[in-house]
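Student: I would like to go through this structure with you slowly, asking at each step how a term is earned.

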Amino acid sequence: MWHSEIRYTILAVYTTSGREHTPGAHCHANPASIMGDNMATTDGQGYQFADFEVTESVKHKFAEDGYIIVRGLLNSKEITKLKTALEGDDAGILTKKYERDDGDGRTSKTALWNNPGNDITGVIARSEKVTGTMEKLLGGEIYHYHAKVIMKEAFTGGAHIWHQDYGYWYENGCLFPDMGTVYIAVDKADKTNGCMKILLGSNKAGRIDHVTIGEHLGADLKRVDELMKVCPLTYAQLDPGDALFFHCNLLHRSDQNSSPNRRWAYLVSFNRASNDPVYKHHHPGYTPLTKVPNSDIMDCGTSMESFGKNFFGGPKEDFSFAKLRDSKTSA
């Protein structure tokens, strides 16, 4: 059983050259001088959950870099239980997935729902180590904005283009970027199978204009290109059970999966209670969230439930996508 108190021990963090460094210190450095011939990865970065506490220095790192990594947020038994539940999917949750054309011959597949529920996905989302940590990082009470499973199948998984989550959520009527997401690796995620790519420190650039690109909303690529000159491109490589807590203004994307290895991930997005959206849209307004102890993860069953989750139907229901598409048409 995990203790409800969360403590932190920082791992040593290294560049590809092997020298110890402080991640936040190079947010505005020349990426070429940091990465050399190889793109940077998050290997060696992170905090071990066994000694995990959201200290002031951790909050500062989140604010400076736009993310933190918690290694082993879900232990081997917990991630195996989640994986078993998702693969069994007796409630048919994954049959409710939608697809978006990635513009390069493949589709990205996602199952997304608004309400956490009481199955293992909901219990993980409401657990102290997920909700409690994000509350401290965002600085106040939060609520469940939505959760999703992203499925990048072997050889066929589609790409996701450069974007900020707040590029979407601003259009949904969320006035402030007091929002974030917890990305939990269900499968190992690395360069070979289309792991997330991030621009370290890009959250500090603020919200970037987003435009419709095919069936996606994407960040203005001219601005992305400029930010890539000062914010190092980093591959977020994670083992099953590792978690990436990231700010809604962090620029990120992922490539296609042409490898023989599947890449599934479970993501939970949160909004500050004080940031209730001013527009009614396809995600919920403020709804009080009941946290549960971490021990509930192993105490709950592996059966999935779909009742009351309020599934998202894909692009046809996307308020932010339609808003930007229509504004472009009217212009």
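**Burial, cores and enclosed space**

Tutor: Of the 331 residues in the protein chain, 56% count as buried. Please keep in mind that the model is a predicted one. The chain holds nine helices and 16 strands, and its accessible surface comes to about 13800 Å², with 50% of that belonging to carbon and sulfur atoms.

Student: Why is Ile184 called buried?

Tutor: The term buried asks for a relative accessible area under 20%. Ile184 has 0% relative accessibility, and therefore it counts as buried. This residue lies in strand E9.

Student: Which residues is Ile184 in contact with, leaving aside its neighbours within four places in sequence?

Tutor: With those neighbours set aside, Ile184 is in contact with Leu73, Leu74, Ile79, Ile124, Val130, Asp242, Ala243, Ala265 and Tyr266. For one of these partners, Ala243, the chain separation is 59 residues, while the C-alpha atoms of Ile184 and Ala243 are separated by 4.4 Å. Over the protein chain, residues 24 or more positions apart account for 86% of the contacts that have a separation of 6 or more.

Student: What makes a group of residues a nonpolar core, and how many residues has the largest one?

Tutor: The members must be buried residues of the listed nonpolar kinds, joined through side-chain atoms within 4.5 Å. The largest nonpolar core has 45 residues, and Leu73, Leu82, Ile124, Val182, Ile184, Phe245 and Tyr266 are those with the most contacts inside it. Apart from that core lies another one, of 18 residues, among them Ile150, Ile198, Leu244 and Leu250.

Student: Why is His281 called buried or exposed, given that its place is in a loop?

Tutor: His281 does sit in the loop between E16 and helix H8 (296–299), but the term depends on the accessible area, and the cut-off for buried is under 20%. At 13% relative accessibility, His281 falls on the buried side, so it counts as buried. The C-alpha atoms of His281 and Gly173, which are 108 residues apart along the chain, are separated by 8.3 Å.

Student: What makes helix H5 mostly covered?

Tutor: The helix spans residues 128–138, and 10 of its 11 residues are buried. Among the buried residues of H5 are Glu128, Lys129, Val130, Met134, Leu137 and Leu138. Gly139 follows H5, and its phi is positive, near 85 degrees.

Student: How do you know that a space is a cavity, and how many cavities of 30 Å³ or more are there?

Tutor: Rolling a probe the size of a water molecule over the atoms shows where empty space is left. A set of points counts as a cavity where a 1.4 Å probe fits but cannot get out. By this rule there are two cavities of 30 Å³ or more, and about 510 Å³ of space lies in the largest cavity. Its lining has 32 residues, of which Lys148, His160, His163, Asp165 and Tyr168 lie nearest the centre. By class, the lining of the largest cavity has 11 nonpolar, 14 polar and seven charged residues.

Student: Which residues line the second largest pocket?

Tutor: The lining of the second largest pocket consists of Asn114, Asn115, Pro116, Arg126, His144, Pro284, Thr287, Pro288, Leu289 and Thr290. About 150 Å³ of space lies in this pocket, and by class its lining has four nonpolar, five polar and one charged residues.

Note on methods
Residues numbered from 1 in each chain as written. Predicted model: local features only at pLDDT ≥ 70, side-chain atom pairs only at ≥ 80, totals over all residues. Heavy atoms only, no water. Helix = DSSP H or I, 4+ residues; strand = E, 2+ residues; numbered from the N terminus. Buried < 20%, exposed > 50% of the residue type's maximum accessible area, 1.4 Å probe, protein only. Contact = heavy atoms within 4.5 Å. Areas by Shrake-Rupley, 256 points an atom, 1.4 Å probe, with all protein chains shown as cover. 1 Å grid on protein atoms, 1.4 Å probe; cavity = no way out; pocket = protein on both sides within 12 Å on 5 of 7 lines; lining within 4 Å. Points joined across faces, edges and corners; volume = space filled by probe spheres on them. Nonpolar A, V, L, I, M, F, W, Y, C, P; charged D, E, K, R; others polar.
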